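Walk through this structure with me, from the overall fold to single residues. Keep the 3D view open as you read.

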Amino acid sequence: MDGHRHRPCGQVVTVWWLCWPVKREIRSTGEPAVHCDGSGYPPTERAAQELLLVTARTAQVRPAINTALVRDLVDAQFPQWAALPLELLEPAGSGHVIYRLGESLSVRLPRHSGAVGQAEKEFEWLPRLAPQLPLAIPIPVGVGEPGFGYPWRWAVSRWLEGEVATVEALADSSAAAVELAKFLTALQQFAPEDIPAAAARDELTARVLASRDHATRAAIAEVGGAFDTTAMTELWNTALSAPGWDRPPVWYHGDLHTGNLLTVDGRISAIIDFGELGIGDPACDLTIAFTLMSAASRTAFRTALGVDDATWTRGRGWALATGLNAYIHYAAVHPRVAAQTTRQITEALIG
């Protein structure tokens, strides 16, 4: 999970852990688990109970994914690419199995139900976003259907070259910080005509910081003496009590950390993994200021983005919450995660 190698769609294996395992709510596979009896009436109470059981079982499904399966899926649904070789990318993070397809494409298949829905979301929105943004993003070129025993939709996207961003290379770079601020400014200004309808869609609904309250307080208690408990509690209370976003909803990336930034020749070249793309309060995207930047470059980032005090405080809260979540789940067994999350929490406390 912590290797630094190219991944299809520009994804490079590293700190995918920031918001997992509470990254998103379980979503439907898109196929009804219980069918009506032909009368056109809603399912009975018994059928509804069966639906809940089926949904619970589906949440635990982790289908076997291998080269033969992916070859069958690609050849059957995208015969124009049947002659292109497949290369498994390992490791490839928790959400997807990833294959390089030829020189310029990738195939990404959800490993579990928590990653279901990303293919459709990115296929709908990323081609519309790309022309508005100053950095490259992965462009989907097709969405595959379930088949050959594989239960979910999957994606074919353009390959993006690049290496994962690192703190060592970019922490002190005000130029990189300003580049990220420009990207977020452009993202927030994206205003398609159908944004009111889009903002009401479940898969684009903004996450609320308060929804992390119980888990974050439990994590603060669990980490014990590893960090300053009093300081963490004070920051968390301050973030929860900060005024909310009182302007029109804007677009946010939702999972912006070093693992989702690509660099070429030491410069940020692309932003990847838009599975948490949404509309609402953009404070969650400020997490990048604490995962990547030093105090000086953070100042340049905040100034270029024009972040008010309340939004900055909520952003610190997001950085604390996601950093603690990753720390308690992975730090004991992954030294790299321990170092990354320790830095994120520490920098969030500094502000």
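The chain holds twelve helices and ten strands. This is a predicted model. Of its 351 residues, 51% count as buried. Take the contacts between residues at least 6 apart in sequence: 72% of them join residues at least 24 apart.

Start with the nonpolar interior. In soluble globular proteins, nonpolar side chains tend to be buried together. Here the largest nonpolar core has 55 residues. Which of its members touch the most others? They are Leu180, Phe183, Leu261, Ile271 and Phe301. Helix H5, residues 174-189, supplies the largest share of this core, with eight residues. A second core of 19 residues is separate from it, and Val70, Leu73, Val97 and Tyr150 are among its members.

Now centre the view on Phe183. Set aside its neighbours within four places in sequence. Phe183 is then in contact with Leu133, Pro134, Leu135 and Ile137. Its contacts also include Ile271 and Phe274.

Move next to strand E3, residues 105-110. How many of its six residues are buried? Six of the six are, so E3 is largely enclosed by the rest of the structure. Both faces are covered. Leu105, Val107 and Leu109 are buried on one side. Ser106, Arg108 and Pro110 are buried on the other.

E3 has strand partners to trace. Strand E2, residues 96-101, runs antiparallel to E3 and is joined to it by six bridges. Within this pairing, Tyr99 has Val107 as its bridge partner. E2 and E3 form a hairpin with three residues between them. Gly102 lies in that turn and has a positive phi of about 65°. Strand E5, residues 154-158, also pairs with E3. That pairing is antiparallel too, with four bridges. Here Val107 stands opposite Val156. Val107 thus appears in both pairings, as partner of Tyr99 and opposite Val156.

E3 also leads to a cavity. The structure holds two cavities of 30 Å³ or more. The second largest has a volume of about 40 Å³. What lines it? The residues are His96, Arg108, Pro110, Gln118, Ala119, Glu122 and Ala155. Two elements give two or more residues to this lining: E3 and helix H3, residues 118-129. H3 gives the most, with three residues. By class, the lining has three nonpolar, two polar and two charged residues. Arg108 and Pro110 belong to this lining, and both sit on the buried side of E3 that also holds Ser106.

Another set of strands is worth a look. E6, E8 and E9 form an open sheet, in the order E6-E8-E9, with antiparallel pairing. Strand E6, residues 163-164, and E9 are the edge strands, and each pairs on one side only. E6 pairs with strand E8, residues 261-264, over two bridges. Glu163 has Thr263 in E8 as its bridge partner.

Turn to the backbone angles. Most residues other than glycine have a negative phi, and most peptide bonds are trans. Phe148 has a positive phi of about 55° although it is not a glycine. Asp273 is likewise not a glycine, and its phi is positive at about 60°. Both lie in loops. Phe148 is in the loop between strand E4, residues 140-144, and E5. Asp273 is in the loop between strand E9, residues 267-271, and strand E10, residues 278-280.

Are these two residues buried or exposed? Phe148 has a relative accessible area of 54%, and exposed means over 50%, so Phe148 is exposed. Asp273 stands at 9% relative accessibility, and buried means under 20%, so Asp273 counts as buried.

Finish at the loop that follows H5. Ala191 sits in the loop between H5 and helix H6, residues 195-199. With 58% relative accessibility, Ala191 counts as exposed. Ala191 and Val250 are 59 residues apart in sequence. In space, their C-alpha atoms are 8.2 Å apart.

Key
Residues are numbered from 1 along each chain as its sequence is written. This is a predicted model: local features need pLDDT of at least 70, side-chain atom pairs count only at pLDDT 80 or more; totals for chains, interfaces and linings use all residues. Side-chain values use heavy atoms; hydrogens and water are left out. A nonpolar core is a set of buried Ala, Val, Leu, Ile, Met, Phe, Trp, Tyr and Cys residues joined through side-chain atoms within 4.5 Å. Buried means under 20% relative accessible area, exposed over 50%, partly exposed in between (1.4 Å probe, protein chains only). Contact means heavy atoms within 4.5 Å. On a 1 Å grid over the protein atoms alone, a cavity is a set of points where a 1.4 Å probe fits but cannot get out, and a pocket is an open set with protein on both sides within 12 Å along at least five of seven lines; lining residues have an atom within 4 Å of a point. Grid points are joined across faces, edges and corners, and a volume is the space filled by probe spheres set on the points. Ala, Val, Leu, Ile, Met, Phe, Trp, Tyr, Cys and Pro count as nonpolar, Asp, Glu, Lys and Arg as charged, and the others, Gly among them, as polar. Two strands pair if DSSP finds at least two bridges between them.
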